[in-house]
Amino acid sequence: CRTLETTVFIDESVTAAVNSHYVAVRIDVDQNPELAQTFQVKQWPTDVVVTPEGEQLYRGISQPKPQTY
């Protein structure tokens, strides 16, 4: 999402926190509809956290404020 790129992920504290705990991957659901279906993504942008085995731990609509990350 372009909004998140310019409001959230530009914030160095957010990217540092995310990168220190997760491997962040951006998926284009138009090109990967099977992933959207697998993780029940119905709105965009959505944050999904999964284990290395693919178990979903969290799914929620992305918030456009850096403080929420």
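**Exercise 1.** In which loop is the place of Pro45?

*Solution.* The model is predicted: local features need pLDDT (the predictor's confidence in each residue, from 0 to 100) of at least 70, side-chain atom pairs count only at pLDDT 80 or more, and totals for chains, interfaces and linings use all residues. Residues are numbered from 1 along each chain as its sequence is written, and side-chain values use heavy atoms, with hydrogens and water left out. Pro45 lies in the loop between helix 3 (33–38) and strand 1 (46–50); helices (H or I, at least four residues) and strands (E, at least two) are DSSP runs, numbered from the N terminus. The peptide bond that leads from Trp44 to Pro45 is cis, with omega near -5°.

**Exercise 2.** Describe the phi angle and exposure of Gln40.

*Solution.* Gln40 is in the loop between helix 3 and strand 1. Although Gln40 is not a glycine, its phi is positive, about 55°. Most residues other than glycine have a negative phi. With a relative accessible area of 44%, Gln40 is partly exposed; this class lies between buried (under 20%) and exposed (over 50%), with a 1.4 Å probe and protein chains only.

**Exercise 3.** Relate the order of elements in the protein chain to its overall dimensions.

*Solution.* Along the sequence the pattern is α-α-α-β-β. The radius of gyration is 12 Å, close to the 11 Å of the globule rule for 69 residues, so the chain is as compact as a globular protein of that length. The radius is taken over C-alpha atoms, and the rule is 2.2 Å times the number of residues to the power 0.38. Buried residues form 17% of the 69.
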